[in-house]
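Open the model in your viewer and keep the selection tool at hand. The tour starts at the ligand, then goes to a sheet and a few points in the backbone.

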Amino acid sequence: MTDSRASGGYRVFSLLDREGPEPEPGHFYMLATQSHWEEAGGRPFLPRALSVADAQSEPRSRFEPHGEPKLDRGGVRLDFLIEGVGPGTDRLCELEPGENVWLNGPLGNGFSPPRELSAGAAGAILVGGGIGIAPLALWRRRLAARNVPARVLLGFRDEEHSGGLDDLFACCEVALASDDGHIGHHGHVTDLLSAMLDGDDAQTGVVYACGPPPMLDAVQALCTSCEVACELAMESPMACGFGACYGCAVPKGDGTYLRLCVDGPVIQHPPAGGVVGGTTPEDALATAGGGGSPAATGPAGRDATDFCGIQLEHPVINASGTFDAIAAKRVYGDELLEHFPFSAFVSKTITLEPRAGNAPQRIWETPAGMINSIGLPNRGLEGFMAEDLPLLGELPVPLIVSVMASGRDDFGRMVSALDQRDEVTAFELNVSCPNVHSGLIVGEQPSETVALLETLRPLTAKPLIVKLTPNVADPAAVAVAAEEGGADAVSLINTVKASGGTVTGGLSGPAIRPIAIAQVKAVAAAVGLPIVGMGGVCSGADAAEMLAAGATLVAVGTESFRDPGAGARIAAELSETSERSR
Ligand code: RRO
């Protein structure tokens, strides 16, 4: 951090990102203090998403004009507007110049320039509300640099919830509104927009808006009625920022959801090309600029591990549903494939039919963890085989497909169909999701688990890994049933049933690691199968503890949300730990 100053009721702070690249207006960053808040566990636990309010490349100059030597800084200066509204933003507000910040970005899709501007057109209108004025500040400057005329309308709730004007909109004409009348028009900023659109003789190219959801709804309604295109920069609770956590769902209007981090945060209305920021497989193959690589140094061949006859470069894989390799490839480009963070990739669980997933809110931060209620969004078996599987087959590591069904026949259909595909190395049978309410959870009943395995075993020679739930009195009894039924391995733990804030679902993160260690030990004592141990693994030391408890492989889940390169880092740390003890 290079600077932090009060600005009305908010703060503006500046960071120097030495690596860049320079963000586009509308892009956001995931931010945490150095070493992820420096407190192992506790709150804040997850990084916070902030839109960039200004960005300027800093020259690599060695001398000030008057000859004083200065540091060879270089990089991109990033300005953010922030309001302390909870433990994460409060901590960021307290940062002092000189402190280091953990940064992942630039992320997301930015604003797009007005498509057609006829001669004499009025250009763009920028509508900002509260802290949402931030991305519009950078966009206004870029539009001005391109000689695109832009009128700016900004609104604030009250004096306490306002700021950034002098810092971000100095030397530019803005029309203001406030709900309490302390500044500008006494009322909503959308009153100003309505009057402007009504009185527009010239054609408005496009309206760009960022602010609270009711403001964005009103902007969209006004634009629709005036047949003006608009782009809305939206907000949603988000754990990762790169498509892994599925937390930042916003309804698309057709019963399905967008992930705001990779399909937004800027959403176009009407949608460009008929898809509202939709993620297509073609998009996924394109190499994006991205915010640095998630990779760390890959471990050497001495860490090679045999798992059910599959040779893996090291013992660290991902937990299902915590890393979307297709979305991550879109964000990080080919570097992701060159330094893939895991030695095998486990897909998000798929079902026979497509599922939209649960309605937001889907995630809730807890002390040293988070609760998810994602609800298994996926394309369904057919969509997965047609669209995702060819892309996942390009990954440089073996693919384990996670499947779930409401009955044995449907499980059988999925396993039989996927067995035919060379891209699939093994199956994980998810019999333990806490977030779908289809009656019986197979993995809660040893007898059901044996019966499922007896149905599936004859259908494939590929390894079958049973994902166990921690939400039973005796997980080892279910593991024994899986072994009896012919499973090749078990993986545990899935998330722990929990409730916090507005979310009831599954708890993950370091908060559950002691539970995971205890259950891995109990299962290891009861079965001879290899075990994939997971639950709150954040470091090489945690992974070593999991291996010592009886696991053959370790899966990293929630930690990848906080750090996309966590898998590779943990594998490297683990390798160092084992090297020392050799
Ligand atoms: O998608 C989910 O809500 C989800 C699944 Br399928 C799972 O197995 N575990 C979890 O915590 N969430």
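This is a predicted model. Select the ligand first, then the residues around it: Lys348, Asn372, Ile374, Gly375, Leu376, Asn430, Cys433, Pro434, Asn435, Asn494 and Thr495. Sorted by class, this shell holds four nonpolar residues, six polar ones and one charged residue.

Next, show the polar contacts of the ligand one at a time. Start with Gly375, where a polar backbone atom is 2.7 Å from an oxygen atom of the ligand. Go on to Asn430: here an N or O atom of the side chain is 2.9 Å from a ligand oxygen. Then pick Asn494, which has a side-chain N or O atom 2.8 Å from a nitrogen atom of the ligand. How much of the ligand does the protein bury? Taken alone, the ligand exposes 320 Å², and 92% of that is buried by the protein. If your viewer can draw cavities, turn them on: the largest cavity is the space that the ligand takes.

Now leave the ligand and colour the strands of one sheet. In which order do its strands run? The sheet is open, has seven strands and follows the order S10-S9-S8-S7-S11-S12-S15, with mixed pairing. Select residues 185-186 for strand S10 and residues 266-269 for strand S15 to see the two edges. Each of these strands has a single partner, so one of its sides has no neighbour in the sheet.

Within the sheet, select strand S7, residues 123-129, together with strand S11, residues 204-210. The two pair in the parallel sense, over six bridges. To look at a single bridge, pick Ala124, whose partner in S11 is Val206.

The last stops are details of the backbone.

- Select Gly105 and Pro106. The peptide bond between Gly105 and Pro106 is cis, with omega about 0°. Pro106 belongs to strand S6, which covers residues 101-107.
- Select Pro360 and Gln361. Another cis peptide bond leads from Pro360 to Gln361, and its omega is near 5°. Gln361 sits in the loop between strand S19 (345-346) and strand S20 (363-366).
- Select Glu227. Its phi is positive, about 55°, although Glu227 is not a glycine. Look for Glu227 in the loop that lies between helix H6 (213-226) and strand S12 (229-233). Strand S12 also takes you back to the sheet, where S12 stands between S11 and S15 in the order.

Definitions and conventions
Residues are numbered from 1 along each chain as its sequence is written. This is a predicted model: local features need pLDDT of at least 70, side-chain atom pairs count only at pLDDT 80 or more; totals for chains, interfaces and linings use all residues. Side-chain values use heavy atoms; hydrogens and water are left out. A residue is near a molecule or strand if one of its heavy atoms lies within 4 Å of it. A polar contact is a pair of N or O atoms within 3.5 Å; within protein, one must be able to donate a hydrogen and the other to accept it, and residues adjacent in sequence count only if both atoms are side-chain atoms. Accessible areas come from the Shrake-Rupley method with a 1.4 Å probe; for residues, only the protein chains shown count as cover. On a 1 Å grid over the protein atoms alone, a cavity is a set of points where a 1.4 Å probe fits but cannot get out, and a pocket is an open set with protein on both sides within 12 Å along at least five of seven lines; lining residues have an atom within 4 Å of a point. A molecule sits in a cavity or pocket if more than half of its atoms lie within 2 Å of its grid points. Ala, Val, Leu, Ile, Met, Phe, Trp, Tyr, Cys and Pro count as nonpolar, Asp, Glu, Lys and Arg as charged, and the others, Gly among them, as polar. Two strands pair if DSSP finds at least two bridges between them. Helices (H or I, at least four residues) and strands (E, at least two) are DSSP runs, numbered from the N terminus.
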